[in-house]
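Hi there,

Here is the structure I promised to pass on to you. Have a look at it first, and then read my notes below.

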Amino acid sequence: MAELSFSNLSKQFDGVAALDSINAQITSGEFVALLGPSGCGKTTLLRLTAGFEHPSAGEIRIGGQTVAGASQFVPPEDRGIGIVFQSYALWPHKSVFSNVSYPLEVRRVPRAEREARVAEALSLTGLSDLAQRMPSQLSGGQRQRVALARCLVFDPRAVLLDEPLANLDLALRASMQEVFSMFHRRTGATMLYVTHDQGEALALADRVAVMAAGKIRQFAAPEVLYREPVDCFVAGFVGDGAVVSARRTGQTDRNLLLLNVLGQEVLSRSATPEPSHVSVRPESISLSDDAPLRARVTGCTYLGGQFRLTLDTAGETLVAFARQRARIGETVGVRLHDLWAFRDPEG
Ligand code: ADP
Ligand code: MG
């Protein structure tokens with residue numbers, strides 16, 4: 001397994017930037033998710049890493065070797081990378097066994113070793129009993145497991161996955177997430193996993209790169225993204241809650257500021273001495289009858305175990321969790337705590 005590194009990597013299509021100076025290092029064995037809305041450049045970054053596209057500028061290294069740069073270009077078949085697509089891309093006329101065996105045949109691995117490695121890959125993906133089936137006789141989840149087995153059978157230096165679960169229904173997605181996790185633990189593969197689903201990224205990845213418009217906005221562990229977003233985009237895209245403007249009114253020590261938020265004075269952790277916004281997660285709101293900040297209940301949905309309330313106060317919509325159902329239109333008291341403040345570059 002190998003580390004991946006992107007330096008000042010850019011890609012333009014017809015003069016339009018799909019990727020704009022990407023810098024990131026992915027450690028060997030790390031499971032990294034690329035998360036962002038449709039069109040932000042996730043697939044382009046994967047295709048450049050695989051060698052299906054040439055960069056417009058910058059450099060890609062795999063295991064310390066430059067595979068794409070100003071004067072180097074290593075073709076896809078020599079990069080030692082496994083790829084899993086949303087569309088499976090299995091050979092329809094080959095059995096499960098033959099599909100998985102194919103990358104080893106191409107690499108001229110001797111028959112006995114080939115059979116042993118295919119058996120191991122099928123066992124790792126829970127497919128041993130389906131080895132003789134044809135792809136048409138498999139469910140969507142089983143097909144995606146075959147694609148995974150096929151890309152792992154040749155010990156790739158890294159595995160790239162482009163929205164591999166997008167075609168599966170919700171229940172199957174959850175169980176396939178377990179398969180990917182287990183797989184990563186057992187193989188220690190370097191994995192780069194593209195998704196637009198923040199729940200999937202937070203659940204699976206060691207670190208998540210949040211992308212927007214061809215740039216990485218924040219690259220951090222899931223709990224850091226959730227607790228300490230760097231800007232309004234990340235705060236809004238990752239996790240539930242609200243982002244509201246804030247103004248400093250005082251300071252208690254280096255990282256704890258007194259802020260005016262929705263007309264209330266609140267103590268907040270902060271990335272910067274002069275923040276512009278706070279991230280207000282549902283856990284940061286307590287409902288209390290005597291709290292001075294009043295809010296109107298505009299929505300109440302049952303999540304199982306608790307209710308999710310949307311609250312309107314001073315033109316802002318907050319999200320809170322509650323043990324009891326609330327009536328739409330009723331007024332509640334809101335107390336804010338454990339906020340995180342940051343300065344948004346766009347103001
Ligand atoms: P994502 O995978 O995040 O949805 P993509 O990487 O597919 O985004 O696309 C990023 C941007 O680059 C989009 O604006 C898309 O239209 C554009 N793009 C991607 N591939 C091509 C291509 N082959 N030719 C022209 N534009 C492209
Ligand atoms: Mg894509």
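Please keep in mind that this is a predicted model. Let's begin with the ligand. The shell of residues around ligand 1 divides into 3 nonpolar, 6 polar and 1 charged. You will find Phe13 and Ala18 in that shell, together with Gly36, Ser38, Gly39, Cys40, Gly41, Lys42, Thr43 and Thr44. Which helix gives the largest share of the shell? That is helix α1 (residues 42-50), which contributes 3 residues.

For the wider setting, an unreviewed UniProt entry carries the annotation "domain: ABC transporter" for residues 4-238. In the model, this span is 36% helix and 27% strand, and its end C-alpha atoms lie 24 Å apart.

Next, try helix α5 (residues 170-187), a nice one for practice. With 18 residues at 1.5 Å a residue, α5 should span 26 Å, and this agrees with the 26 Å between its end C-alpha atoms. Which residues of α5 are buried? They are Phe180, Phe183 and His184. Seen down the helix axis, the buried residues of α5 fall within an arc of 95 degrees, so they line one face of the helix. Among the elements that cover them are strands β3 (31-35) and β8 (191-195), as well as helices α3 (111-124), α4 (140-152) and α6 (198-204). Now turn to the other side of α5: Ala171, Ser175, Glu178, Arg185 and Arg186 are exposed there.

One last detail: glycine 188, just after α5, takes a positive phi of about 65 degrees.

Enjoy exploring, and write back with any questions!

Best wishes

Note on methods. Residues numbered from 1 in each chain as written. Chains lettered and ligands numbered in written order. Predicted model: local features only at pLDDT ≥ 70, side-chain atom pairs only at ≥ 80, totals over all residues. UniProt positions renumbered as here; feature names shortened; annotations may be inferred. Helix = DSSP H or I, 4+ residues; strand = E, 2+ residues; numbered from the N terminus. Near = placed C-beta within 6 Å. Nonpolar A, V, L, I, M, F, W, Y, C, P; charged D, E, K, R; others polar. Expected span 1.5 Å × (residues − 1). Buried ≥ 20, exposed ≤ 12 C-beta atoms within 10 Å, placed from the backbone. Arc of directions from axis to C-beta. Contact = placed C-beta atoms within 7 Å.
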